[in-house]
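Me: I'm new to reading protein structures, and I'd like a close look at a single part. Could you take me through the largest pocket and then show me what lies around it?

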Amino acid sequence: MSTELASQISDAVKAAMRARDSIRLGTLRLLQAAIKQKAVDERTEPDDAAILAIIEKQVKQRRESIAAFESAGRTDSANQERAELDILQAFLPQGATPQEISAAIDAACAQAASQGLQGGAAMGTIMGQLKKALAGRADMAAVSAQVRAKLNS
């Protein structure tokens, strides 16, 4: 792991070891294992964009786990997942503002319309553009819901 983001994660692991912060250390080690697994699977060293995608996937998993634990009444497990979520989100870029998200959606929809795409056919094109534009800066599930609402209106 030689990228900037990978070295930040490595430094955070060392700091968590020194601080004896077991939750932070465990979360970061799981993240490092996911990065290492991607490197082994693809036989290439992941760049910052690939690592960012891994972090986004981990964040999404934590959000889903929190919802599942809360619906099952397991608040202790949900709180642990929230702590892990906070740790992972520290490595994501600063979130996009609602205005930035709305502007990006409008621009992507306009571009899809100029290509003659409408409705469901436009959804994939629009989400592809938005994923690049908002990578790590927005919850893509929420963005997808906003795009779907805009296309249906």
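Reply: Happy to! In this predicted model, 21 residues line the largest pocket, and those that lie nearest its centre are Ala-53, Glu-56, Lys-57, Val-59 and Lys-60. The space inside comes to about 550 Å³. Helix H3 gives the largest share of the lining, ten residues. At least two lining residues each come from H2, H3 and H7, so let's follow these helices outwards.

Start with H3, which runs over residues 48-71. As well as lining the pocket, H3 gives two or more residues to the largest nonpolar core, as do H1 (4-19), H2 (22-42) and H4 (75-89). That core has 21 residues, and the ones touching the most other members are Leu-5, Ile-9, Leu-31, Ile-51, Ile-55 and Phe-91. In soluble globular proteins, nonpolar side chains tend to be buried together.

Ile-51 is a good residue to click on. If you leave aside its neighbours within four places in sequence, Ile-51 is in contact with Thr-3, Leu-5, Ala-6, Ile-9, Ile-35 and Pro-46. There is also a second, separate core, with 17 residues, including Ala-122, Met-123, Leu-134 and Val-143.

Next, have a look at Glu-81, which lies in helix H4. Is Glu-81 buried or exposed? Its relative accessible area is 14%, and the cut-off for buried is under 20%, so Glu-81 counts as buried. Beyond its neighbours within four places in sequence, Glu-81 is in contact with Arg-62, Ser-65, Ile-66 and Phe-69.

Now for H7, the other pocket-lining helix we have yet to visit. H7 (140-152) and H6 (119-133) are among the parts that cover the buried residues of H5. H5 itself takes in residues 98-114, 17 in number, and reaches 24 Å from its first C-alpha to its last, close to the 24 Å expected at 1.5 Å a residue.

Which residues of H5 are buried? They are Ile-101, Ala-104, Ile-105, Ala-108, Cys-109 and Ala-112. These residues cover an arc of only 130° around the axis, so they sit on the same side of H5. The spacing makes sense, because an α-helix has 3.6 residues a turn and residues three or four places apart point the same way. Turn to the other side of H5 and you will find Gln-99, Ala-113 and Ser-114 exposed. Just after H5, Gly-116 takes a positive phi of about 85°.

Methods
Residues are numbered from 1 along each chain as its sequence is written. This is a predicted model: local features need pLDDT of at least 70, side-chain atom pairs count only at pLDDT 80 or more; totals for chains, interfaces and linings use all residues. Side-chain values use heavy atoms; hydrogens and water are left out. A nonpolar core is a set of buried Ala, Val, Leu, Ile, Met, Phe, Trp, Tyr and Cys residues joined through side-chain atoms within 4.5 Å. Buried means under 20% relative accessible area, exposed over 50%, partly exposed in between (1.4 Å probe, protein chains only). Helices (H or I, at least four residues) and strands (E, at least two) are DSSP runs, numbered from the N terminus. Contact means heavy atoms within 4.5 Å. The expected span of a helix is 1.5 Å times one less than its number of residues. The arc is that of the directions from the helix axis to the C-beta atoms. On a 1 Å grid over the protein atoms alone, a cavity is a set of points where a 1.4 Å probe fits but cannot get out, and a pocket is an open set with protein on both sides within 12 Å along at least five of seven lines; lining residues have an atom within 4 Å of a point. Grid points are joined across faces, edges and corners, and a volume is the space filled by probe spheres set on the points.
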